[in-house]
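Biologist: Could you walk me through this model before I go back to the bench? I would love to hear the reasoning behind each answer.

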2 protein chains.
Amino acid sequence: MDLDLRKIRYFMAVADELNFGRAAQELHIAQPVLSRQIRALESELGVQLFVRDRRRTELTPAGEALYADAGPVLAGAEALRRRVGRASRGTDVFTVGFMPGLIVTGAVRALTAAHPRLRVEVLRTSWADQVEVLLDGRADVSFVRLPVDQRGLKVTTLFEEPRVVVLPSGHRLASKEEVHLSDLAGETLLQPHKAVPEWQALTGDTAPRDEGGPAPLAVEEKLEHVASGSGIVVLPASTAGFYQRPDVVAVSIADLGPTRVALAWDATRRSRLISEFAALAAVHLSSPRPAG
Amino acid sequence: MDLDLRKIRYFMAVADELNFGRAAQELHIAQPVLSRQIRALESELGVQLFVRDRRRTELTPAGEALYADAGPVLAGAEALRRRVGRASRGTDVFTVGFMPGLIVTGAVRALTAAHPRLRVEVLRTSWADQVEVLLDGRADVSFVRLPVDQRGLKVTTLFEEPRVVVLPSGHRLASKEEVHLSDLAGETLLQPHKAVPEWQALTGDTAPRDEGGPAPLAVEEKLEHVASGSGIVVLPASTAGFYQRPDVVAVSIADLGPTRVALAWDATRRSRLISEFAALAAVHLSSPRPAG
DNA sequence: CGCTGTGATACCTTCAAGGCATCACAGATG
DNA sequence: CATCTGTGATGCCTTGAAGGTATCACAGCG
């Protein structure tokens, strides 16, 4: 009757690996078990999900459909467990995700003031997991930098802010008032290229939608690398200002549009606290705050 | 490891009934089984979900949290099964939900023209299930009349259109060019009152958020009832025009704002076909079409 | 005091999920 | 050509979860 989440998880593992043996290893079960479970899932759905042709394993169209939609369901189940766990630990908890450089205390304090018995927590996120924390239930709302994959989310834009390039102090461009994107053509970008979509136009990357660049680092690490001369990073002005240090310099970029900061939450939820916090955030974060 | 959807479904039944025996009956299982399954779920989550105090059964805060968020997960699982089933039946199928009175053929034909091998189906919905068909996977996109519960959906407004009141031909107001809401104060509204939010202000209903009125009927039935003099209905102009018949008259309402028609789809999905159809719908349905 | 409604326990049966050993087969390798 | 290797499928066994029935324990009511 019910779809079995375990089998779905098994399916996802096989679909990722396209190999029963390796998938079984990853799942810490024996390979024959996996074979049988997938067959059971197929017969339960009345659909063949994989084409096994002795040498390679591939997804059928139905398998593709399942693969495309199963992720959110698994994440949703995990989120359920997390939210229940948090609801059980004593009083209500409301968790706000934020990225370094954003000053969110105004909105958080306002919410705390309005609900003295509510415990409001903050959770630091990175560019990579700013969306995941919402879908897996670690946070109730999260401040995100657009663009993000909006699947499953509600997103309301709060404000825009300019982006700057961070250079080592001795860099040839470090003393300029302002630079152009083209000035940076020869530089190494120390962050995922999708975080700066315009970079692709500059370097002529041909749609490297997966992993178009180095793995994500924390901002402090990025700045450390910049200081040591191994490359540059492009950051929102307030983030760059937040981490001021003598060995790097932030220079504004003339022909790069602003980033937008938004508040996001799980589209399937609608709690009074979330809408209340959204309203407070709109008031307290309608413009970038000067960095402290 | 995995959350068990069967147990969640059991939990929802108990939470709805607040009575183990009746919930068990509804689930077609024996009551002791249900007792044990709920206990198992509680120990799996490490949280008490119900307070059983011999005489009544109530939700704990953790139970409330689970109850609030579990629905979408169950619906999502059901949607998974449906979508896979549809993907399996031969070629790709794209299903468009619509409400009677909306002319959607333009957008549908455009999509078919762009994808000759795609089978585009239409699914007639009612006000009550216009959202459900999306969340449970019966349709890929659906035309909806706002306002709707937007949880879990992406919604883009297409156009606005005025609303009219449909009266029996012999009605005292039937010959007027235009009526005011207050003129209708004594009438019986033959549709869920939430479908006409302004009605509540008129009659002074005190927040009847559940079932504020009669059960939903198909438009033809409503008109039949109007013709027989048992009440009136308020409809979008194009819907009223679609079902023209001699024994009822549509009169516009001066002080009632327009309804908005929007295209909606599951927020967790993002398929090329959906965005393509959204674009086509914006072109082909940017204004109300005259009824045929 | 006994009747009723309600959830929990005890005990049994069935079946799904796990493990291990082994098979069947395609392709590479000597 | 014979053999080895990688890969998924089968057969058989064990365990545990989920189902059922019978029954208990207890609160409230007449």
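**Two chains, two DNA strands**

Biologist: What kind of model is this, and how many helices and strands are in chain A?

Modeller: Happy to help! This is a predicted model. Of the 292 residues in chain A, 37% are buried. As for secondary structure, chain A holds 10 helices and 11 strands.

Biologist: Which relation links chain B to chain A?

Modeller: In general, two copies of a chain are related by a rotation about an axis and a shift along it. Here, chain B can be laid on chain A with an RMSD of 0.1 Å by a turn of 180° and a shift of 0.0 Å along the axis. That is the relation of a two-fold axis.

Biologist: Which element of chain B gives the most to the side that touches chain A?

Modeller: The contact takes 30 residues from chain B and 30 residues from chain A. On the side of chain B that touches chain A, α1 (5-17) and α4 (61-88) of chain B are the elements that give two or more residues. By class, that side has 16 nonpolar, 5 polar and 9 charged residues. The element that gives the most, with 17 residues, is α4(B).

Biologist: Do the copies meet through the same surface or different ones, and what percentage of the interface residues of chain B tells you that?

Modeller: The way to tell is to ask which interface residues of chain B are also interface residues in chain A. The copies meet through the same surface, because that share is 100%.

Biologist: Now the DNA. Which residues are closest to DNA strand C?

Modeller: DNA strand C is surrounded by 19 residues. The elements that each supply at least two residues of this surface are α3 (31-45) of chain A together with α2 (20-27) and α3 (31-45) of chain B. By class, the surface has 7 nonpolar, 6 polar and 6 charged residues. The closest residues are A:I29, A:A30, B:F20, B:P32 and B:S35.

Biologist: And which residues come nearest to DNA strand D?

Modeller: There are 19 residues around DNA strand D. Two or more residues of that surface come from each of α2 (20-27) and α3 of chain A, together with α3 of chain B. The classes there are 7 nonpolar, 6 polar and 6 charged residues. Those that come nearest are A:F20, A:P32, A:S35, B:I29 and B:A30.

Biologist: Why are the buried residues of α2(B) on the same side of the helix?

Modeller: The buried residues in α2(B) are B:F20, B:A23, B:A24 and B:L27. They lie on the same side of α2(B) because they cover an arc of only 100° around the axis. What covers them includes α1, α3 and β2 (57-59) of chain B.

Biologist: With which residues is A:F11 in contact, leaving aside its neighbours within four places in sequence?

Modeller: A:F11 belongs to the largest nonpolar core, which has 113 residues. Those with the most contacts inside that core are A:F11, A:V14, B:F11 and B:V14. Leaving aside neighbours within four places in sequence, A:F11 is in contact with A:I38, A:L41, A:L49, A:L66 and A:A70.

Biologist: One last residue: how exposed is B:H284?

Modeller: B:H284 is found in helix α10 (residues 272-284) of chain B. Beyond its neighbours within four places in sequence, B:H284 is in contact with B:G106, B:A107 and B:A110. A residue needs 20 or more other C-beta atoms within 10 Å to be buried. B:H284 has 19, so it is partly exposed.

Terms used. Residues are numbered from 1 along each chain as its sequence is written. Chains are lettered from A and ligands numbered from 1 in the order in which they are written. This is a predicted model: local features need pLDDT of at least 70, side-chain atom pairs count only at pLDDT 80 or more; totals for chains, interfaces and linings use all residues. A residue is near a molecule or strand if its C-beta atom, placed from the backbone, lies within 6 Å of it. Helices (H or I, at least four residues) and strands (E, at least two) are DSSP runs, numbered from the N terminus. Ala, Val, Leu, Ile, Met, Phe, Trp, Tyr, Cys and Pro count as nonpolar, Asp, Glu, Lys and Arg as charged, and the others, Gly among them, as polar. A nonpolar core is a set of buried Ala, Val, Leu, Ile, Met, Phe, Trp, Tyr and Cys residues joined through C-beta atoms within 7 Å. A residue is buried if 20 or more other C-beta atoms lie within 10 Å of its own, exposed if 12 or fewer, and partly exposed in between; C-beta atoms are placed from the backbone. Two residues are in contact if their C-beta atoms, placed from the backbone, lie within 7 Å. Copies are superposed by least squares on the C-alpha atoms of residues with pLDDT of at least 70 in both. The arc is that of the directions from the helix axis to the C-beta atoms.
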